[in-house]
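Okay, thanks everyone for coming. I'd like to walk you through a structure I've been looking at, so have a look at the screen.

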Amino acid sequence: MPPTLAQPMNIVGAGLAGTLLALMLARRGLACNLYERRADPRTAAPEGGRSINLALAARGLRALEHAGVMGHIMPLLIPLRGRLIHDSSGATTLQPYGQRAHEVIYSVGRAALNRVLLEEVTRYSHVALRFRHVCLEAAPAANRLRFQDAASGATFATVLRPTVATDGAGSTVRASLLAQNYLQTREDWLDHDYKELTLPAIDGAHALDPHALHIWPRGGFMLIALPNIDRSFTATLFLARSGTPGFAQLSDGAAVMRFFREQFPDAVTLIPDLVEQFRMHPAGRLGSVHAAPWHVGGEVLLMGDAAHAIVPFHGQGMNAAFEDCVEFDLLFERHRDWQSLFLAFEQRRRVHAEAIAQMALENYTEMRDSVRDVGFLRRNALALELERHFPDRFIPRYSMVSFHPEIPYGEALRRGALQAQILAELDARTAPGDALDLALAGRLIDQRLPACGER
C-alpha cells in the first residue's frame, strides 16, 4: 500500500525534474504543492546564458513516455545523429553516435520543455503551483518548511513532511540541511568554466547542419553547438578559468576576437555580435555535487541535481533526473510510509548516480581531445564492429548510456571497463589494414564479458 494520498507532498523546484515528478504523482491522485523561486517560465523570458538547450536520450524519453506526455514533446525535438568534428582548418568529420537508425539523441530547449510539462501538470486541480516562492529553510526537527513570497515579501511556514527537493545543483534545501548537520556534501568544481553564445539563423535556416552536435575540440578546451527549433544554435565555450588560454585572458573585445579567429575560424563568422554576447553572458561554473545521505527520515528527500549534480559532458544530467522520477514513481506503490520510500529510492539510485558522474567527467576528455586521436577512432570503429558481430554481449559504453535505458548506469560503467580491456588487447593484436580476428574476439568476450545482467 502506498503512503496516504490525503497528505499533500511539497516539491521544491519546478524545473524539469520537479514538474515531471509532480505530473507522475498527480496521475496517481497525490496532491502536490510545487514551489519555484523563479517566475513562471510560461510568461517570463528564459534566463540567458543558462543551458537553454539540452540533450534528451533514451532514459529521458522513457520517463516522458511513462508520464504520458511524449506526444506534446515530440515537436520540440531535433534529432542528432552524431558528433560533427570541426578541425582547425574548418574541415568537418561526422562521428555517428551509433549504427542503427534509432540511435540518435535529441536537442531540446529547456524553457520549451519546462513549459509543456507545466501545462500538463496544471490539468490536475490537486497540484498547486507557486512561483517566486523562495525556500528559506527545511527544518526536520520542527517539521517545518519555510518560504518567502517574492511578490509580497511575506514569509510563511508549512509542514515539511513529506518534501522532495528538486531545486537543482545550488539547492537551498540541501544547503539548509547541511547547515543543520543532517548531511554532508562534497562539491568537486572543475577549473574550467563555460559561456554560452547564440549563432543566429541565416536567411531563416540553420547556419550549420542541424542534425549533429558540433564540436570544435582543441585539446584542453572546446566549443560545442546544439541546434534550436527557431533555427539558431546555442554554442558553449568550455575553457579554463585562468592560464593560457583561459577566460581571464579574454578581458576585452580584441582578445575575444583574436582567440576565436585563431581557434574557431569557421564559427566566428557565424556570430556577428560575438564581442557583445561574450561581454553580456555570464560565465558558469562546472562541477559535481555529492551529498550523503539524500534523505532525512520521511521528512525530506533530495532528487536530481539537488542530490547528484554532474558535469554536462555526457548529456545525461536531465536524463538521470528524469530516471530518478520514474524510479520514485514505481517505488511509490510498494512502500507503506515515506521513510521507507525515501530510503529505498536512495539505495536504488545512489550507485548509478555516482557512475554517471564518473562517466560524465571522463567524457569531457573524450570530447575535447580524444575525438581527434587516431587510436581512439580506431578503437571506436572496432567497438562498433564487435557490436555488429556480438550484439547481445558487446555494446559500446556510450550506447549503453544513451540508447539502452534497461542497462543501469552502474552496469554500463562496469561493463565499459571490461570492454575497454578487450578493445585494447584486440587493437594491439591487429596490424593496420588487417581484418578483425573474430575467433579471438569471441574468446575474449566469452571469457571476460558476461551477458547483460549477469556477473
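Before anything else, one bit of vocabulary: when I say two residues are in contact, I mean that they have heavy atoms within 4.5 Å. And please keep in mind that this is a predicted model.

So, with that in hand, let's start at Phe328. What is Phe328 in contact with, leaving aside its neighbours within four places in sequence? The list is Met9, Leu21, Leu25, Val164, Leu301, Met303, Trp338, Leu341, Phe342 and Phe345. Phe328 is also one of the residues with the most contacts inside the largest nonpolar core, which has 73 residues. Leu20, Leu64, Ile73, Val173, Leu302 and Phe322 are the others named there. The biggest giver to this core is helix α1, residues 16–27, with nine residues. There's another core apart from that one, with 38 residues, and among them are Ile215, Met222, Ile407 and Tyr409.

Now the helix around Phe328. That's α10, residues 317–332. Is α10 mostly covered or mostly open? Covered: 14 of its 16 residues are buried. From first C-alpha to last, α10 reaches 23 Å, close to the 22 Å expected at 1.5 Å a residue.

On to the sheets. One is an open sheet of six strands, in the order β8-β2-β1-β12-β19-β18, and its pairing is mixed. At the edges you find β8 (127–131) and β18 (295–296); each has a single partner strand, so one side of each has no neighbour in the sheet. Further in, β12 (163–165) and β19 (300–302) run parallel, paired over three bridges. Ala165 has Leu302 in β19 as its bridge partner, and that's the Leu302 we just met in the core.

Elsewhere, look at strand β7, residues 105–109, where four of the five residues are buried. β3 (53–56) is antiparallel to β7, joined to it by four bridges, with Asn53 opposite Gly109. β4 (78–80) also pairs with β7 in the antiparallel sense, over three bridges, and there Pro79 sits opposite Tyr106.

Next, the backbone oddities. Two peptide bonds to prolines are worth pointing out. Arg161 to Pro162 is cis, with omega near -5 degrees, and Pro162 is in the loop between β11 (155–159) and β12. Thr244 to Pro245 is cis too, omega about -5 degrees; Pro245 is in the loop between β16 (233–240) and α6 (253–263).

Then there's Asp203, which isn't a glycine but has a positive phi of about 55 degrees. Where is Asp203 found? In the loop between β13 (184–199) and β14 (213–217). With a relative accessible area of 80%, Asp203 is exposed. Arg231, again not a glycine, has a positive phi of about 80 degrees, and it lies in the loop between β15 (222–227) and β16. Arg231 counts as partly exposed, at 40% relative accessibility.

Last stop: the second largest pocket, with about 720 Å³ of space. It's lined by 27 residues, and closest to the centre are Glu366, Phe376, Asn380, Arg397 and Tyr398. Which elements give two or more residues to that lining? They are β6 (92–96), α11 (338–368), α12 (374–389), α13 (397–403) and α14 (409–429). α14 gives the most, with six residues.

That's it from me.

Key:
Residues numbered from 1 in each chain as written. Predicted model: local features only at pLDDT ≥ 70, side-chain atom pairs only at ≥ 80, totals over all residues. Heavy atoms only, no water. Buried < 20%, exposed > 50% of the residue type's maximum accessible area, 1.4 Å probe, protein only. Pairing = 2+ DSSP bridges. Expected span 1.5 Å × (residues − 1). Core = buried A, V, L, I, M, F, W, Y, C linked by side-chain atoms within 4.5 Å. 1 Å grid on protein atoms, 1.4 Å probe; cavity = no way out; pocket = protein on both sides within 12 Å on 5 of 7 lines; lining within 4 Å. Points joined across faces, edges and corners; volume = space filled by probe spheres on them.
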